[in-house]
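Trainee: Could we go through this structure together, starting with its charged pairs?
Mentor: Happy to, ask away.

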Amino acid sequence: MTTNRRLILIRHAKSGWDDAFADDHERKLTTRGHTAARAIGEWLSKQAYSPDLILSSDATRTAQTSHDLIEGLGAAPELILVPALYHPSPDTICEVAQKHDAPTIAIVSHNPGTAMCAAGLIKQRPAHHRFSDYPTCATTVIDFPAADFAKRGKGTCIDFIVPRDLTD
């Protein structure tokens, strides 16, 4: 019997630039961002993609995205804030994921690393026209054989969505 594992890659929701001199790490979500993250959480739950574990960058906007996702999920997966996920490379995202053994892991992080990681992990890109630019709160659901979890080119893209798909 082959066991699969699932990785969900989520770019943080829409954040603001109210203060042009503010520290990037401390930027907060906009109202639209909070709404989008909750909608993605609800969608994940309805599709039966709910994560067992959420690994998030420790930046304010990713932590807020993660908390809103959990609110939308209506469940409380474990949440771990991981400083290495702040503007990570695709390899760092994979390494962080591989350190955990939960069946379904969601990673909430930043571009360009999140988009590059999603594109590099899957065998075939989804047909969705927004996959290549991976807008805020874009979400890719990827399944792997357990032995090849989070390994380049070994994943199957199960789904991809952006918040606008849920609100229009």
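Trainee: In this predicted model, which residue forms a salt bridge with arginine 27?
Mentor: Remember that we are reading a predicted model. Arginine 27 is a buried residue, its relative accessible area being 10%. Its closest N and O atoms in this salt bridge are 3.1 Å apart, and the partner is aspartate 24.

Trainee: Which residues are linked with Asp24 in a network of salt bridges?
Mentor: Good follow-up! We have just met the pair of arginine 27 and aspartate 24. The network of salt bridges links Asp24 with Arg27 and Arg61.

Trainee: Which residue forms a salt bridge with aspartate 68, and how far apart are the closest N and O atoms?
Mentor: The partner is arginine 38. This pair links distant parts of the chain, with aspartate 68 in helix α2 and arginine 38 in helix α1 (residues 31-46), 30 residues apart. In the salt bridge, the closest N and O atoms lie at 3.6 Å.

Trainee: Is aspartate 68 buried or exposed?
Mentor: The cut-off for buried is under 20% relative accessible area. Aspartate 68 has a value of 7%, so aspartate 68 is buried. Its partner arginine 38, at 24%, is partly exposed.

Trainee: How far apart are the closest N and O atoms of arginine 130 and aspartate 133?
Mentor: Arginine 130 is partly exposed, with 26% relative accessible area. Aspartate 133 also counts as partly exposed, at 39%. Their salt bridge brings the closest N and O atoms to 2.6 Å.

Trainee: How many salt bridges does the structure hold?
Mentor: We have talked about some of them, including the one between arginine 130 and aspartate 133. For the structure, the count is 6.

Trainee: Let's turn to the strands. Which residue in β3 is the bridge partner of leucine 53?
Mentor: Strands β2 (residues 53-56) and β3 (residues 78-81) run parallel and are joined by 4 bridges. The chain passes from β2 to β3 through helix α2 (residues 60-73), in a right-handed β-α-β crossover. For leucine 53, the bridge partner in β3 is glutamate 78.

Trainee: How many residues of helix α4 are buried?
Mentor: Helix α4 spans residues 113-121 and is mostly covered. Its buried residues are Gly113, Thr114, Ala115, Cys117, Ala118, Gly120 and Leu121. Of its 9 residues, the number buried is 7.

Trainee: Which elements cover the buried residues of α4?
Mentor: Those buried residues include Gly113 and Leu121. Among the elements covering them are β1 (4-11), α3 (90-98), β4 (104-109) and β5 (139-145).

Conventions
Residues numbered from 1 in each chain as written. Predicted model: local features only at pLDDT ≥ 70, side-chain atom pairs only at ≥ 80, totals over all residues. Heavy atoms only, no water. Pairing = 2+ DSSP bridges. Helix = DSSP H or I, 4+ residues; strand = E, 2+ residues; numbered from the N terminus. Right-handed = clockwise from strand over helix to strand, strands pointing away. Salt bridge = Lys/Arg side-chain N within 4 Å of Asp/Glu carboxyl O. Buried < 20%, exposed > 50% of the residue type's maximum accessible area, 1.4 Å probe, protein only. Contact = heavy atoms within 4.5 Å.
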